[in-house]
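Here are my notes on the model, set out as numbered points. Please read them alongside the coordinates.

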Amino acid sequence: MSTRDVPQQIGDLPPIGRPANSALLARGITTMEEVAKLSERELLALHGVGPKAVRLLSAALTERGMHFADHS
């Protein structure tokens with residue numbers, strides 16, 4: 001699947017870019033609750049998820065009173 005075919009935003013995730021969305025969709029992740037089950041390291045290990053996407057996800061988690069898993 002080309003990143004052009006990936007939506008700009010999925011589920012309740014903030015807009016983090018198509019490559020990152022594609023990586024999360026490939027893992028079946030479409031909600032912030034699912035993102036919170038991963039550590040920053042696990043997210044960064046996904047091809048297409050970079051530091052900017054992790055920062056945006058972190059801010060969105062904080063707004064919801066959530067945080068990344070502590071697996072790092």
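Is L13 buried or exposed, and what is its relative accessible area?

1. L13 is buried, at a relative accessible area of 0%. Buried here means under 20% relative accessible area, exposed means over 50%, and partly exposed lies in between, with a 1.4 Å probe and protein chains only. L13 sits in the segment before α1. Its contacts, leaving aside neighbours within four places in sequence, are L24, T30, T31, M32, V35 and L57, where contact means heavy atoms within 4.5 Å. The C-alpha atoms of L13 and M32 are 5.9 Å apart, with the two positions 19 residues apart in sequence numbering.

2. Basis of the values. This is a predicted model, in which local features need pLDDT of at least 70 and side-chain atom pairs count only at pLDDT 80 or more, while totals for chains, interfaces and linings use all residues. Residues are numbered from 1 along each chain as its sequence is written, and side-chain values use heavy atoms, with hydrogens and water left out.

3. Overall make-up. The chain has four helices and zero strands, in the order α-α-α-α along the sequence. Helices (H or I, at least four residues) and strands (E, at least two) are DSSP runs, numbered from the N terminus. The chain has 72 residues, of which 36% count as buried. Of the contacts between residues at least 6 apart in sequence, 44% join residues at least 24 apart. The exposed area of the chain is about 4,500 Å², and carbon and sulfur atoms supply 50% of it; accessible areas come from the Shrake-Rupley method with a 1.4 Å probe, and for residues only the protein chains shown count as cover.

4. The core. The largest nonpolar core has 20 residues, and those with the most contacts inside it are L13, L24, V35, L43, V49 and L57. Such a core is a set of buried Ala, Val, Leu, Ile, Met, Phe, Trp, Tyr and Cys residues joined through side-chain atoms within 4.5 Å. At least two residues of this core come from each of α1 (18-26), α2 (32-35) and α4. The most come from α4, which gives five. V35 is in contact with L13, I29, L43, L57, L61 and F68, leaving aside neighbours within four places in sequence.

5. Helix α1. A20, N21, S22, A23 and L24 are the buried residues of α1. They pack against α3 and α4. After α1 comes G28, with a positive phi near 80°.

6. The loop between α3 (40-44) and α4 (51-63). V49 is found in this loop. V49 counts as buried because its relative accessibility is 7%. Not counting residues up to four places away in sequence, V49 touches A20, A23, L43, L44 and V54. I16 is 33 residues from V49 in sequence and 8.7 Å from V49 in space, C-alpha to C-alpha.

7. Helix α4. This helix has 13 residues and reaches 18 Å from its first C-alpha to its last, close to the 18 Å expected at 1.5 Å a residue; the expected span is 1.5 Å times one less than the number of residues. Its buried residues are A53, V54, L57, A60 and L61. They cover an arc of only 125° around the axis, so they lie on the same side of α4. The arc is that of the directions from the helix axis to the C-beta atoms. These buried residues pack against α1, α2 and α3. Exposed residues P51, K52, R55, T62 and E63 are carried on the face of α4 turned away from its buried side.

8. After α4. G65 comes just after α4 and takes a positive phi of about 75°. D70 lies in the segment after α4 and is exposed, with a relative accessible area of 76%. The C-alpha atoms of D70 and K37 are 8.7 Å apart, and the two residues are 33 apart in sequence.
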